[in-house]
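Open the model in your viewer and keep the selection tool at hand. The stops below go one selection at a time.

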Amino acid sequence: MNNLLSLHWLQEWVHLSVSHEELARRLSLSGAGVERVHEFGAALDKIVVGRVTAVEKHPNADALRVCRVDDGCGVRTVVCGGSNVRAGMFVALALPGSRVSWHGTGEQVEIKETELRGVKSAGMICASNEIGLGELFPATEREIMDLGALAQEVKWRAGVVLSDALHLRDTVFDIEATSNRPDLMSVVGVAREAVACSAATFLKRTSAKLPRVKQKVSITVRDKKLCPRYMAARVDGVQVGTSPLWLRQRLVRVGVRPINNIVDITNYVRIELGQPMHAFDAACVRGALTVRRSRDGEKFFALDGTQHTLRNDMLVIADDAQVCALAGIMGGAASGVTEQTTSVIFEAATFDAIAVRKAARALQLFSDSQLLFEKGLSVQAPQDALARALELMRACAGGAVTALTDARVSAYRAKKFAFDFSRVASFIGVDVPAVRMKKILSSMGFVVQGSGARAQITVPWWREHDIGGSVDFIEEIARMYGYHNIPSLVPLQQPIGRERDAILFGEADLRTFFASHGFQEAYTYSFVNEDLLTRANLFDTSVVRITNPLSSEFTVMRPSLLPSMLQVVAQNEPHALTGAVFEVSHVYLPVVNDRPQELPRVIAARWSPDASGADFFALKGTAKQLCDAWGVGDAFVRDEKKREPHLHPSRQLALVTRGVSLGVLGEIHPDILERFGIRGRVTICYLDVAALCAVRMCVKAYVPVPSFPSVKRDVAFVVSARETHGALHHTLMHAHPLLTSAELFDVYRGAELGRGKKSMAFHLEFRAQDRTLTAPEVDAAFHMIVTAAGKKHGTIVRA
Amino acid sequence: MDLISEFESLAARAQHELQVAASQEALEHVEISLLGRKGALAGLMERMKEVSAADRPAVGQAANRAKQQIGALLEARRLELRALSRERLADDEWIDVTQPGVQEPRGSLHLTTQAVKEIADIFVRLGFTRVRYPEIDFDHFAFEALNMPPTHPARDDWETFFIDASPHKTWGRLVLTPHTSNGQIHELTKHKPPVRMVNIAKCYRRQIDVTHVPMFHQFEGLVVDHGISVAHLKGTLDFFAREYFGPDRRIRLRPHHFRFTEPSFEIDVSCGLCGGTGTRDDAHCRTCKQGWLELGGAGMVHPNVLRACGVDAKKYTGFAFGWGVERTYMMKSGMSIPDIRELYKNDVRFLVQF
């Protein structure tokens, strides 16, 4: 979580012994990451204090005035539209070359010497929002800044750079504090850290003391677990108004908008000490305040104007009539401080981190206080915060403390741990002298007792939540010693004999295979919805469901890669008529032995408008190459009885080898394509990666290279159009032992063959292992093959 | 004319004919007409029978001379023609080499696959074993044993996906693991130290916007052994950063906070664009924060985690890190994909680029 830190403010607590850059670097390396460094006020470099010496009417425009302005070096003419401009006024004068935003909106523009309706103008007299000071000095419509009136405490002089006159210049760090270190989200927290990393020393300060008041604010804490401490102070006779300039400046520099002195004080204390505060208008609190859990259905009207219906587990501060604040998150609108307020009740309390987080999330109501509380704050923090707030009250709003309450569960007991300093070296890999280690810890407020390696360490209250044991002390020592001072070593020790995961390597090989065969690799989400599954005929009620899906698109864990793949095709088809895509991923099947099954699959798809089945053969060819490469053999099985319903009835094959089912190859059924809005055809090969890896032959058998030449003959058979290559090829290959291969190279249908006929042409290859074949031998074998084909399939050899 | 002069004139004729032959084919033709089985030389040799025994040696010599002369002429002409044809090769066999090549359809590996492969290869070289553990896992592995109690924000409904199934008696509810750190628990429960693993898997979080996708990938490293220290963590990640991002890149460790490591770190790598200075063209470098880019989290395995897996925390120490694959890849390539969801939209016009 990020927060802004003003170095100006920080230096009220510490004396910096290093440069700003070095401080940023040391803080970053020791834990409080400085992500950005802003130079506040740098943008106002060319804006100076001007004194208006004369104001005349503009000759050509009623709404404009022609002003003579003393810029410290001389007097210049500036045309101004501000309705309140008058002679003698101190104004913010933007000189040519400076940048302003017109009327406080839009892009910044550069001021140039110009002519306005016929009168030369050498600069601009600015409204506060035109130079980014709208928060410090709220702008009034059509009025320019009357500096003398806005900041009476400043001694104004023409020609002084405005940032200097207003003491605006500051360096602001944007610091990222980790969730366990809410103490770093305050000026004092960063001050402690700066001191610990030797970049600063603490200044002497007298800390504010709580006044002694007998009267108590009437508070009942019903839930002491969620609210272990509640402090409240009533101040009567306050004057609500604008905070002094120095306080407003501090807030503005760290991005907080000043509201009124009371609210500003609560924000100031939170930023400075890291303890959130709240102020109630005492007159609007009816009866006594109670810290309790909300009742189901109770209404809450928040300060930010939102309305909420509470559940019965949220911690609230309520009076006799209504909920006055959502504990640690936000105050209520009804009891908020207004200009009419004369009595306030300040709250400084400790609320349970988890209760605050849960309520804020449930109501979607967030605030700077809530961000702190949900990290966990110490019960020791409220007293300093309340004392500081009351101190600021006296200075900024007057009034007198008339009642004070401190409701707490029990006296604070600091956390203590035993620690063995001798463990540090082996854990961080470097030997830090014990004296140094102890010094590091005490510089951060830890109290180390004991002289040897074993010691007892007391944790400072502002670290009570994040320190939980001895490893935490090691971390504190290591980070302040400096991680950059620890050597870099590669842990090469004894080898770890682990078999490599066949499926992980199989998946990697499959990816390379398909990518090198012209397929693009897709990654689709593991979750789909029921509708998508239904469209693919894959919906089953036992599907693995997500209880809290992010959207209706992603409600179930997919049992198949097919629907997502069809979505990919549907989405690409409009701009790519043909394509080839694959994905390797898990599918999720219902629980077996306590867990849903996560099974690896690969799906490859080709699509095109061509309905001839060409893609089927292209993909079958790819699948065959895969089978050959993996030593799986010819795995294609045509089983007319066991058809996959989501595939085309006659364009599908199963892949089975050695009794193991590997998957399917086929064209998607047109009904499904229609439901996915796909116009062309889609052919897929969908395989079970685990099965494939199980039958994979990584080591292949050796077959001697033939030492005698083969004889090749071509032959074309005329067969019935429904004759299959599978059957005919089987016959050929079993007809004669000298035939070593029969490769189909042409299928032809033509009128001259007769109706219902086709021609299938083969390259036949004959070979003997032990001799060169003679012509008569080959002739005899060829004859036997042709005869066998004729007998079994009624083939005729085509001339 | 006697036979001797006929042999001589044959050689002269050969010289002429060979000179006329302008191609290798014509040359072969001439060779056959002169030296072939039924060629001119054979015709004259046939007539040797008619020569008297006394004249035969002289005629024989003439025949040999003619044969040798013809052979030499033939060879010379053959070389001459070959040289000529080589000279003309560029012209005769000219093709337009600027025509486009015939291309095989080009496939591609997804960016995520490429990143996973590159990352895994680096750690495998350090002796890590690549493993993968369930994406749908129990509370115990995804949170509890990682020192993340039920009140931890990550275990809230709005952070993590839960599976609709009755909770397991000892392991709790089923979730879609939001990190690969569940692999630490599986690994340490199944295997006794020494352990050096890299677990690369899908993870899920309830976030979707231009910088977040609900499904993404992480790589989780875990080393547990005797005497493993912060120095080893630093060395390993230094090695990774230099191998992955380039030898001129540096890393730094910044203290951070994670429940399952102590101490915990945020690992930063120096910005490749501004060279780690934080300024480019006299302005803030827009890519990094003060010269550094956040790589991801790491830390020394929390003793509670070791204990939860039955490992003796007094004997063994270890370190772990778990980083986003997509994020790490983007940082390396300097590739700025304005919307990370693009990665998983699977537009082939996007996929084919990589």
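This is a predicted model. Begin at a loop of chain B: select B:P194, found between α7 (182–190) and β4 (195–204). The peptide bond that leads from B:P193 into B:P194 is cis, with omega near 5 degrees.

Another cis bond can be picked up further along chain B. Select B:E262 and B:P263: the peptide bond from the glutamate to the proline is cis, and its omega is near -5 degrees. B:P263 is found in a strand, β7, which covers residues 261–270.

Now select the whole of chain B. Its secondary structure comes to 11 helices and 11 strands. How does the radius of gyration of chain B compare with the globule rule? The value is 41 Å, well over the 20 Å that the rule gives for 354 residues, so chain B is more spread out than a compact globule. Aligned to the principal axes, a box of roughly 125 × 50 × 40 Å is filled by the C-alpha atoms of chain B.

Keep chain B selected and colour by accessibility. Of its 354 residues, 54% are buried. The accessible surface of the chain comes to about 16900 Å², and carbon and sulfur atoms account for 52% of that area. For a contact map of chain B, take pairs at least 6 apart in sequence: 67% of those contacts join residues at least 24 apart.

Next, select B:R56, which is placed in helix α4 (residues 56–92) of chain B. Is this arginine buried or exposed? B:R56 has 38% relative accessibility and counts as partly exposed, because that class lies between under 20% for buried and over 50% for exposed. Leaving aside residues up to four places away in sequence, B:R56 touches B:M48, B:K49 and B:V51. Add B:I4 to the selection: B:I4 and B:R56 are 52 residues apart along the chain, and their C-alpha atoms are separated by 9.9 Å.

Move to chain A and select A:D594. The residue sits in the loop between β32 (579–592) and β33 (595–608). A:D594 is not a glycine, yet its phi is positive, about 80 degrees. With 44% relative accessibility, A:D594 counts as partly exposed.

A:R658 is the next selection. This arginine lies in the loop between β35 and β36 of chain A. A:R658 also has a positive phi, about 45 degrees, although it is not a glycine. Its relative accessibility is 54%, and A:R658 counts as exposed.

The last stop is the second largest pocket, which holds about 2200 Å³ of space. Which residues come closest to the centre of this pocket? Select A:F616, A:K620, A:R638, A:Q652 and A:L653, the closest among the 50 residues that line the pocket. Then display the elements of chain A that each supply at least two lining residues: α17 (614–629), β34 (636–637), β35 (647–657), β36 (660–668), β37 (681–688), α20 (725–735), β39 (739–748) and β40 (757–766). Which element gives the most to the lining of the second largest pocket? That is β35(A), with seven residues. Colour the lining by class to finish: 20 residues are nonpolar, 13 are polar and 17 are charged.

Definitions and conventions
Residues numbered from 1 in each chain as written. Chains lettered and ligands numbered in written order. Predicted model: local features only at pLDDT ≥ 70, side-chain atom pairs only at ≥ 80, totals over all residues. Heavy atoms only, no water. 1 Å grid on protein atoms, 1.4 Å probe; cavity = no way out; pocket = protein on both sides within 12 Å on 5 of 7 lines; lining within 4 Å. Points joined across faces, edges and corners; volume = space filled by probe spheres on them. Helix = DSSP H or I, 4+ residues; strand = E, 2+ residues; numbered from the N terminus. Nonpolar A, V, L, I, M, F, W, Y, C, P; charged D, E, K, R; others polar. Rg over C-alpha atoms; globule rule 2.2 N^0.38 Å. Buried < 20%, exposed > 50% of the residue type's maximum accessible area, 1.4 Å probe, protein only. Contact = heavy atoms within 4.5 Å. Areas by Shrake-Rupley, 256 points an atom, 1.4 Å probe, with all protein chains shown as cover.
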